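User: I'd like to learn how to read burial, contacts and a ligand site from a structure. Could you walk me through one?

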Amino acid sequence: MKLNLVEKFITNNPIRAFGQRYIEGPMLRKMGSLKKYPLCLEIGCGRGIGAEIIVEQFGTDRVIATDIDPEQIERAKRGLKTEFKDRIEFKVSDAMALDESDETFDAVFSFGVIHHMEDWGKTIKEIARVLKHGGEFFFEEPLRGFTGIFTKGSLFSVIATHPEGGMFSFEEFRDELKDNKVDIINLKHFRKICIFGVGRKR
Ligand SMILES: C[S@@+](CC[C@H](N)C(=O)[O-])C[C@H]1O[C@@H](n2cnc3c(N)ncnc32)[C@H](O)[C@@H]1O
C-alpha cells in the first residue's frame, strides 16, 4: 500500500535517513552471521537510503532495491550517488509478487515495509522463496500493538493508514517465517511495539 502524504514526509526525511544509517544499519549488521552478502534484495526501498547502507555496511556487491510506488523509485534514482551506480538497481515491484527467481539472494532487507502490505503472509512467502539456503532476512517492523492504532477511521489514521492485512504480533511473524523455512537467529524485541532481527533460511 502506497504511503499517504504525511507518511511520505516522515519517510523522506533527513532525520529518518540519519536513524537508518547510524542506528538501524549498524544494529542489524551486528545481528547477521555472514561475513559478506554479495547479492541482496531490498523491498520497499523508499528514497533509497537503505540500499546505500546495504552496500556500505554489509559487504555487498549488488543490491536490487524495489518499491511499489513509482514516485519513490524516481526519487531514489535521482538521489543515487555516482559511486553506487554500478551496484544499486532501483525498480518498481510489488513485494507480494516478486519477479525474481527462487533462491537468488544472500540477503533480503525490509526496513519498516511488511506492515504496509495488504497480505503480509504473502510477502514472507516471497522473501523465503527468493532467499538462498543459508541466506538471511533482515527486518525492522512495528507490531500490531503500534500499527493497530492506525486502522482506517481511527483518530490516528490522518497521520498514516496501515492495512489490516499488514498487522501481526511477534509470535505470528516468527511462526510464519518458520513455516516458510526461515528461523529467527537474532532478535531485539521492544515490548509489543517493534522488532529488529535476522532470520536464516534452512
Ligand atoms: C514506511 S516506508 C519505508 C521506506 C524505507 N524502507 C525506509 O525505511 O525509509 C514503506 C515503503 O514500502 C513501500 N511499499 C508499500 N507496499 C509495498 C508493496 N506491496 N511492495 C513494495 N513496496 C511497498 C512504500 O511505497 C514505502 O516506500
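Analyst: Happy to! Keep in mind that this is a predicted model. A friendly place to begin is a contact list that skips the close sequence neighbours: for Arg21, leaving out residues up to four places away, it holds Pro26, Ile49, Glu52, Ile53, Glu56, Gln57 and Lys81.

User: Where in the fold is Arg21, and is Arg21 buried or exposed?

Analyst: Arg21 belongs to helix α2, which spans residues 14–31. Burial is judged by relative accessible area, with under 20% as the cut-off. Arg21 has 15%, so Arg21 counts as buried.

User: Which side chain makes a polar contact with the side chain of Arg21?

Analyst: That is Glu52, at 2.9 Å. Glu52 is also one of the buried residues of α3, together with Ile49, Gly50, Ala51, Ile53, Ile54 and Val55.

User: How do I read burial for a whole helix, say α3?

Analyst: Count its buried residues, then ask what covers them. Helix α3 covers residues 49–57, and 7 of its 9 residues are buried, so the helix is largely enclosed by the rest of the structure. The cover includes the helices α2 and α4 along with β1 (39–43), β2 (62–67), β3 and β4 (105–111). Just after α3, Gly59 adopts a positive phi of about 60°.

User: What about Arg87: where is it placed, and what does it contact?

Analyst: Arg87 lies in the loop between α4 (70–79) and β3 (88–92). With neighbours within four places in sequence set aside, Arg87 is in contact with Val55, Thr60, Asp61, Arg62 and Val63. Its relative accessible area is 33%, and partly exposed means a value between the 20% and 50% cut-offs, so Arg87 is partly exposed.

User: How far is the C-alpha atom of Arg87 from that of Arg16?

Analyst: The two C-alpha atoms are separated by 23 Å, and the residues are 71 apart along the chain. Arg16 is worth remembering, as it is among the closest residues to the ligand.

User: Then how should I read the ligand site?

Analyst: Start with the location, then the neighbours, then the polar pairs. The ligand sits in the largest pocket. It is surrounded by 21 residues, the closest being Met1, Arg16, Gly44, Asp67 and Asp94. A polar side-chain atom of Asp67 is 2.6 Å from a ligand oxygen atom. For ligand nitrogen atoms, a polar side-chain atom of Asp94 lies 2.9 Å from one, and a polar backbone atom of Ile68 is 3.2 Å from one. Taken alone the ligand exposes 590 Å², and the protein buries 96% of that.

How values were computed. Residues numbered from 1 in each chain as written. Predicted model: local features only at pLDDT ≥ 70, side-chain atom pairs only at ≥ 80, totals over all residues. Heavy atoms only, no water. Helix = DSSP H or I, 4+ residues; strand = E, 2+ residues; numbered from the N terminus. Buried < 20%, exposed > 50% of the residue type's maximum accessible area, 1.4 Å probe, protein only. Polar contact = N/O pair within 3.5 Å; in protein donor to acceptor, adjacent residues only side chain to side chain. Contact = heavy atoms within 4.5 Å. Near = heavy atom within 4 Å. Areas by Shrake-Rupley, 256 points an atom, 1.4 Å probe, with all protein chains shown as cover. 1 Å grid on protein atoms, 1.4 Å probe; cavity = no way out; pocket = protein on both sides within 12 Å on 5 of 7 lines; lining within 4 Å. Sits in = over half its atoms within 2 Å of the grid points.
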